[in-house]
Amino acid sequence: MLELNHVSKLFNPGTPDEKIALIDIQLKLNPGDFVTVIGSNGAGKSTLMNIISGVLKPDLGDVKIGGTSISHLPEFQRSRWIGRVFQDPMAGTAPTMTIEENLAMAYRRGKPRGLSWGVSAARRKLFREQLQRLGLGLENRLKAKVGLLSGGERQALSLLMATFTKPDILLLDEHTAALDPARAELITRLTESIVREMKLTTLMVTHNMEQAIRLGNRLIMMDKGRIILDIPENRKRDLTVPQLLAEFERISGHKLADDRVVLG
Amino acid sequence: MFQSLTGAVELGLMYALLALGVYITFRILDFPDLTVDGSFATGGAIAAVMISHGYEAWIATLAAFAGGLAAGACTGLLHTKGKINGLLSGILMMIALYSINIRIMGKPNVSLINADTLFSPIDSVTWKYILVLAIVVFAIKLLLDAFLHTDKGLALRATGDNNRMIRSFGGNTDNATILGISLSNGLVAISGALIAQDSGFADVTMGVGMIVIGLASVIIGEAILGTRGVFWTTFAVVIGSIVYRIVLALAYRAEWLKLKSTDLKLITALIVIVALVIPTIRRHYKQKSNARKRTAELAVSARGKGGI
């Protein structure tokens, strides 16, 4: 479904600040794969997400979705295939617009936007049904401005907006990191059920080791711009956090260092 | 007295389209667009030249709209594709339009005395004049409201609100920005065309300070009526434009103020400054007192529990 071939990215090439963000990345996601990504600070996790979504262009290599190369397409055109949830709960929604208007924009993901009503009666009915799945009562607040919602509610809405039109690829970039533990747990549960129900091909960056093991069918470990370990489903099932950390240290030669890392 | 008030309402309605244009760029797109000073005069110039050459007034007004759209699109292109700072793109277009406007007119001003304007058929009856203007302005306001609730309009609003988000859903923010600035200047140009026809001439300097007048109307309207939703806010902006004119008319009538007509721009600037500064000060003190109240509460409850 998603394929990265020999993708490399340098920041500030040729200057004293030169930094290898990604070096010769090979990654292939099969349809229905739910891959969690862990790694230390500066391992290239976010760069990987940005390369796939089109925010950054690779210096070398190719990104393919469903066999078609999308490397030359800007971010907004790739959204036809890609749904995305950001780390910052403020980033995924438009605060001065209402819940239903936000959903209406998500509903047209990757499609041309014309002069039909953003929120028609039929669409509103659909939005209400979809919001009910979140179990947060947002279906009764369709006309509330999104800026009035809590961070957790906004992130739940972002998740719904990114997924309810069934993207080919779902990118989750530490989307529970900015929430308190209870809300993070809620979003994690929602993520799990939505991805399972819709069989979405998902790539999720997380700093929560326990979450990385519990969710998904594959686990990728990154360090210094490389994928250093790719754990398949059968091995991942019995993995524990200490084992994972030990494994990381063994391969990379240093401890997993991330100031926000949660061992779970 | 009554006459100066009806005159103020008439002017307020004509300038309301300018205010709606400024609302689109300043509030919806969050883009401080100074093209307005040029495109207002462009609208006036196109309308005046065409009418004085015998074209129907409504065709001339539509042509003014098209001229404004084109001017705004240029600013949008400079900013999005040329990556020029927003303020500077507007200033560049404003300066360029000064020369273009003189080219359009062939001279610095064009008179419309004795020409048939949009207002000629209704000129003699004040209430008709106001009624027709009000209907036209509200029709345009409703069209704008409707547009801002379509898929394209939602994408335009999201571009100003959270462009990262709308890009992640496939919205082309560059195109939305160009469209918004273009539409804004189109409305501004219609406003200029109406003013030229009402006052009987177009002048290359007629646009000077229009951006501030538009902004004053937006701010006054929002301050009086608030900003619940698009439909309400555009209404507030129209009312703001009328109130602004009434306030000016009253200020000029107060003879003890000894105001001259050239003081207009100073007064406008003062209104905008006051309207911008007061909410900031108020917010500052409110936050301070809220924080103090809340900490006091917490301190009391902590003491009640016998400390920590």
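This briefing covers a sheet in chain A and a cavity lined by residues of chains A and B. The model is predicted: local features need pLDDT of at least 70, side-chain atom pairs count only at pLDDT 80 or more, and totals for chains, interfaces and linings use all residues. Residues are numbered from 1 along each chain as its sequence is written, chains are lettered from A in the order in which they are written, and side-chain values use heavy atoms, without hydrogens and water.

**Sheet**
- Four strands of chain A (DSSP runs of E, at least two residues, numbered from the N terminus) form an open antiparallel sheet in the order β2-β1-β4-β5; strands pair if DSSP finds at least two bridges between them.
- β2 (19–29) and β5 (68–69) of chain A are the edge strands with a single partner each, so one side of each has no neighbour in the sheet.
- Helix α1 (residues 45–53) of chain A (helices are DSSP runs of H or I, at least four residues) packs on the sheet and touches β1, β2 and β4 of chain A, contact being heavy atoms within 4.5 Å.
- Five bridges join the antiparallel strands β1 (residues 2–11) and β4 (residues 60–65) of chain A.
- Asn5(A) is opposite Asp62(A) in β4(A).

**Cavity**
- The structure has one cavity of 30 Å³ or more; a cavity is a set of points on a 1 Å grid over the protein atoms alone where a 1.4 Å probe fits but cannot get out, and lining residues have an atom within 4 Å of a point.
- The largest cavity has a volume of about 50 Å³, the space filled by probe spheres set on the points, which are joined across faces, edges and corners.
- Its lining includes Ser53(A), Glu75(A), Arg167(B) and Ser168(B).

Methods:
Axes fitted to C-alpha atoms, helices over the stretch in contact; angles between N-to-C directions. 1 Å grid on protein atoms, 1.4 Å probe; cavity = no way out; pocket = protein on both sides within 12 Å on 5 of 7 lines; lining within 4 Å.
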